[in-house]
Amino acid sequence: MDEGGAPLLPDSLVYHIFLNLGPADVLAAGLVCRQWQAVSRDEFLWREQFYRYYQVARDVPRHPAATSWYEEFRRLYDTVPCVEVQTLKEHTDQVLHLSFSHSGCQFASCSKDCTVKIWSNDLVVSLLHSADMRPYNWSYTQFSQFNMDDSLLLVSGVFLGPHNSSSGEITVISLDTFALLSRVRNKPYDVFGCWLTETSLISGNLHRIGEITSCSVLWLNNAFQDVESENVNVVKRLFKIQNLNASTIRTVMVADCSRFDSPDLLLDAGSPAAPSCQVFDLGSNSEDEAPAPGRAKEGLRRFLDDILDGRVRPPLSDNVLETRVAELLAQGHTRPPEPVASDRNKYLIFTTGCLTYSPHQIGIKQILPHQMTTAGPVLGEERGADEFFDSLDHVIDVHGHIIGMGLSPDHRYLYVNSRSWPSGAVVADPMQPPPIAEEIDLHVFDLKTMQEVKRALRAHRAYTPNDECFFIFLDVSRDFVASGAEDRHGYIWDRHYNICLAKLRHEDVVNSVAFSPREQELLLTASDDATIKAWRSPRTVRALQAPRPRPRPRPFFSWFASQRR
């Protein structure tokens with residue numbers, strides 16, 4: 001200021017000087033005087049700082065809920081759970097999965113040590129209960145899920161059967177008494193299982209038909225199996241789906257369409273990218289009839305006659321012949337998709353395939369209201385005599401090996417971890433899928449439009465080959481998406497800007513991540529290093545470290561300056 005109190009430098013010059021400073025220096029300079037303070041909060045200045053610091057494409061607009069560029073910069077820096085606050089070491093082997101209760105007050109962990117542990121989620125996490133599943137012939141626990149009212153816990157694991165054969169099993173644990181309420185066989189074990197209602201869960205079974213042909217049956221089970229009345233069903237068949245080329249149904253989950261009406265701020269910003277995945281709508285509102293069983297049998301008879309007469313050239317391999325025969329048989333014996341009766345239904349979502357045993361497709365099947373209970377016809381009694389199989393409503397082909405799926409909080413968006421096949425790869429042998437990339441692509445699909453809506457996120461990596469590939473669980477909060485990886489890190493991205501915000505260090509593979517549904521500024525990660533780590537945002541850490549009575553928290557810029565990444 002000069003002697004008269006007028007600024008010596010005009011605002012425009014101070015603005016241009018500030019453009020050449022970093023965010024922390026701009027905030028520090030704003031403490032010098034009122035003029036610099038005003039310029040340091042200029043919206044155009046912070047827009048430039050935002051795009052430059054986070055390296056966001058310029059055609060991506062500001063988040064629609066943001067009130068200013070400064071506050072948006074602060075949100076991405078100050079509210080991401082990237083500060084390690086606690087390490088839990090109660091497990092003695094690899095920790096495979098984490099799940100929060102819907103209230104956020106508890107969470108569960110599954111491990112290769114064959115226990116499922118239930119934790120209390122306070123400021124300091126503490127162990128409530130540990131259930132050892134080895135007395136039930138389990139090899140390890142692999143997945144858990146709380147029901148909607150947080151009264152029951154579904155736990156999925158690998159069960160050791162006769163002659164050391166492995167299958168899956170699901171158990172239900174009461175969260176009031178920690179008693180085991182029921183046990184349900186689950187095959188293959190990586191179906192995992194999930195809740196459909198508060199008291200009914202979905203499991204799977206697999207029936208071999210040929211060398212590479214099978215059918216998957218999905219069952220609805222009552223969580224309480226000690227029903228005394230013989231007139232009350234405790235199990236009911238939901239769907240029976242044909243599998244070709246050694247594929248099977250795995251990783252089932254349920255999306256609630258009624259949540260789609262809740263506001264969702266995810267935008268497809270920027271120029272549209274060429275879709276990397278194909279979405280097939282298998283339902284039809286046309287009046288074309290499905291092939292009648294008689295016409296399907298006639299087609300199969302002609303095909304077999306052509307083979308016997310040598311009219312099929314070149315000669316088909318045993319696998320190709322089996323697949324062709326299975327397809328022809330299914331044409332007249334598959335129930336067509338049901339018309340969409342309501343936008344309030346639920347979707348059953350699972351991984352599947354049609355070319356090889358590695359899961360490369362996502363199947364989607366609507367669940368109608370009358371299918372939401374174990375009451376009613378059982379064992380497919382509602383089907384016609386010729387309807388062996390159920391058809392899918394939608395299929396998404398990701399052209400790669402799917403290793404993870406997760407739903408956004410409103411269930412509208414499906415996030416999928418996959419390791420892509422080489423461009424133009426052709427599957428000649430279902431038992432020899434194409435090689436898979438080390439980079440993990442994180443795809444985003446809108447379940448309301450059945451379209452891929454985002455460019456694939458990429459930062460995390462995996463190294464195991466096709467035949468050893470395992471699931472890496474991801475999770476989605478209101479603003480962020482997180483995933484584990486085989487490169488010893490967990491990752492956090494912003495859902496709107498498609499940028500990686502944090503890498504969370506472990507000593508081994510990170511198998512699972514979970515946001516608290518109550519506060520997205522708390523994230524848990526689980527690793528092969530046998531630990532669970534709790535991560536909180538810088539803002540939360542400052543608030544928790546502030547002495548009582550609490551003074552004003554440290555200014556954002558001082559934390560920024562001392563904790564630069």
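## A tour of the predicted model

The protein chain folds into 9 helices and 32 strands. Keep in mind as you look around that this is a predicted model. Of the 565 residues in the protein chain, 53% count as buried. Its accessible surface comes to about 25,800 Å², with 51% of that belonging to carbon and sulfur atoms. Among contacts in the protein chain with a separation of 6 or more, 60% are between residues 24 or more positions apart.

**Helix α4 and its surroundings**

A good place to start is helix α4, which covers residues 43-54. At 1.5 Å a residue, its 12 residues should span 16 Å, and the end C-alpha atoms are indeed 16 Å apart. D42 caps the N-terminal end of α4, with a side-chain oxygen 2.9 Å from the backbone nitrogen of F44. After α4 comes Q55, whose phi is positive, near 55 degrees.

Which residues of α4 are buried? They are L45, W46, Q49, F50, Y51 and Y54. The cover over the buried residues of α4 includes α1, α2 (23-29), α3 (34-40), α5 (69-78) and β29 (500-505).

Ahead of α1 (11-19) sits L8. L8 counts as exposed because its relative accessibility is 61%, and the cut-off for exposed is over 50%. Together with L9, L13 and I17, L8 makes a nonpolar surface patch of about 340 Å².

**Salt bridges**

The count of salt bridges comes to 18. Three of the pairs are set out here.

| Pair | N to O distance |
|---|---|
| E43 and R62 | 3.1 Å |
| R74 and D78 | 3.7 Å |
| R250 and D190 | 3.6 Å |

R250 lies in strand β14 and D190 in the loop between β9 and β10, so this salt bridge ties together parts that are 60 residues apart in sequence. Both R250 and D190 are buried.

The salt bridge between E43 and R62 links distant parts of the chain, with E43 in helix α4 and R62 in the loop between α4 and α5, 19 residues apart. E43 is partly exposed at 30% relative accessible area, and R62 is partly exposed at 26%.

R74 and D78 both belong to helix α5, 4 residues apart, about one turn of the helix. Is D78 buried or exposed? At 0% relative accessibility, D78 is buried, while R74 is partly exposed at 25%. Elsewhere, E72, R75, R478, D479 and D494 are linked in a network of salt bridges.

**Backbone details in the loops**

The loop between β9 (180-186) and β10 (194-195) holds P188. A cis peptide bond joins K187 and P188, with omega about -5 degrees.

C114 and N245 are worth a look for their backbone angles. C114 is in the loop between β3 (106-111) and β4 (115-120), and its phi is near 70 degrees, a positive value in a residue other than glycine. With a relative accessible area of 1%, C114 is buried. N245, in the loop between β13 (235-243) and β14 (250-256), has a positive phi near 55 degrees and is likewise a residue other than glycine. N245 counts as buried, at 12% relative accessibility.

**A buried strand residue**

Finally, T352 is in strand β17 (residues 346-352). Why does T352 count as buried? Its relative accessibility is 8%, and the cut-off is under 20%, so T352 falls in the buried class. Leaving aside residues up to four places away in sequence, T352 touches T248, I249, P359, H360, Q361, I362 and G363.

Conventions
Residues numbered from 1 in each chain as written. Predicted model: local features only at pLDDT ≥ 70, side-chain atom pairs only at ≥ 80, totals over all residues. Heavy atoms only, no water. Patch = residues over 30% accessible without salt bridge, like charges linked within 9 Å, V, L, I, M, F, W, Y side chains within 5 Å. Areas by Shrake-Rupley, 256 points an atom, 1.4 Å probe, with all protein chains shown as cover. Salt bridge = Lys/Arg side-chain N within 4 Å of Asp/Glu carboxyl O. Helix = DSSP H or I, 4+ residues; strand = E, 2+ residues; numbered from the N terminus. Buried < 20%, exposed > 50% of the residue type's maximum accessible area, 1.4 Å probe, protein only. Expected span 1.5 Å × (residues − 1). Contact = heavy atoms within 4.5 Å. Polar contact = N/O pair within 3.5 Å; in protein donor to acceptor, adjacent residues only side chain to side chain.
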